[in-house]
Amino acid sequence: MKKIIFALISSATVLSGISVAHAEGAYVGAGVTASRYKFDVANTSSSDSNSGTKAAGKIFAGYEFDKNWAVEGGYADFGSQGYNYVKNGANGHIDSKSDGFYVAGKATMPVNEQVGVFGKLGLASNKDNISGSGDAAGIANNGRKTGLYASVGAQYAINKNVSLTAEVEHFGKSADFGHKSTALSLGARYNF
């Protein structure tokens with residue numbers, strides 16, 4: 001029953017033309033990320049694909065100073081993937097699990113009362129946990145790399161508190177194996 005009442009109030013707010021695209025103050029959100037990965041191991045053959053897309057999750061929080069400027073930070077899990085291959089007649093395997101943190105300034109340009117486009121610029125810290133077996137037994141990378149974070153996207157305000165977001169995010173440099181540091185993210189956020 002509460003969900004139905006919430007949906008009716010949300011619909012009435014949108015239809016009434018009340019400006020809901022802007023809300024100053026704190027917000028939190030969660031979403032799904034889809035990032036590409038590619039394993040580059042020279043002189044190998046494999047029945048596995050060495051590249052693909054992996055879906056995982058993201059959480060974020062921020063503070064809007066006004067309708068144009070905000071600061072945001074978040075955590076993205078890029079998921080884990082593996083790659084089996086053969087090199088010089090010997091079997092090998094690589095496993096990778098990646099995640100990243102970011103903090104960024106955010107500039108938003110309202111398009112109308114419900115829609116805004118935005119860009120974010122800041123720093124990201126990515127961690128790749130990589131291990132291997134066979135010929136790749138010596139491969140190990142468990143360090144963090146810090147690099148430039150950049151994002152462009154759009155948000156749609158359902159009401160004054162709830163917005164949907166879509167963006168392309170670049171998390172800076174990553175390890176030699178594992179995920180590429182660009183992700184497509186879809187999410188929802190709640191303004192307090």
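**Figure 1. Surroundings of Val32 in the predicted model**. Apart from neighbours within four places in sequence, Val32 is in contact with Ala55, Ala56, Gly57, Leu184, Ser185 and Leu186. Val32 itself belongs to strand S1, which covers residues 25-38. With a relative accessible area of 49%, Val32 is classed as partly exposed, because the exposed class requires a value over 50%. The C-alpha atom of Val32 lies 9.1 Å from that of Asp77, a residue 45 positions away along the chain.

**Figure 2. Ser185 and its contacts in strand S9**. Strand S9 spans residues 179-191 and includes Ser185. The relative accessibility of Ser185 is 3%, so this residue counts as buried; the limit for that class is under 20%. A polar contact of 2.4 Å links the side chain of Ser185 to the side chain of Glu169. When residues up to four places away in sequence are set aside, Ser185 touches Val32, Thr33, Lys58, Thr165, Ala166, Glu167 and Glu169. The contact with Val32 connects this view to that of Figure 1.

**Figure 3. The hairpin of strands S3 and S4**. Strand S3 comprises residues 69-87 and strand S4 comprises residues 90-110. These two strands pair in the antiparallel sense, with 18 bridges between them. Two residues separate S3 from S4 in the hairpin. Asn88, located in the turn, has a positive phi of about 55 degrees. Opposite Tyr85 stands Gly92, a residue of S4.

**Figure 4. A nonpolar patch on the surface**. Six side chains are shown: Tyr63, Phe65, Trp69, Val71, Val103 and Leu123 together make a nonpolar surface patch of about 620 Å². Leu123 is contributed by strand S5, which runs over residues 115-133. Trp69 and Val71 fall within the residue range of S3, and Val103 falls within that of S4, so the patch includes residues from the hairpin strands of Figure 3.

**Figure 5. The chain as a whole, for orientation of the close-up views**. One helix and nine strands are present in the chain. Along the sequence, these elements follow the pattern α-β-β-β-β-β-β-β-β-β. Of the 192 residues in the chain, 39% are buried. Among contacts with a separation of 6 or more, 63% are between residues 24 or more positions apart. The chain exposes about 9,900 Å², and carbon and sulfur atoms supply 62% of this area.

Notes:
Residues numbered from 1 in each chain as written. Predicted model: local features only at pLDDT ≥ 70, side-chain atom pairs only at ≥ 80, totals over all residues. Heavy atoms only, no water. Pairing = 2+ DSSP bridges. Helix = DSSP H or I, 4+ residues; strand = E, 2+ residues; numbered from the N terminus. Patch = residues over 30% accessible without salt bridge, like charges linked within 9 Å, V, L, I, M, F, W, Y side chains within 5 Å. Areas by Shrake-Rupley, 256 points an atom, 1.4 Å probe, with all protein chains shown as cover. Salt bridge = Lys/Arg side-chain N within 4 Å of Asp/Glu carboxyl O. Buried < 20%, exposed > 50% of the residue type's maximum accessible area, 1.4 Å probe, protein only. Polar contact = N/O pair within 3.5 Å; in protein donor to acceptor, adjacent residues only side chain to side chain. Contact = heavy atoms within 4.5 Å.
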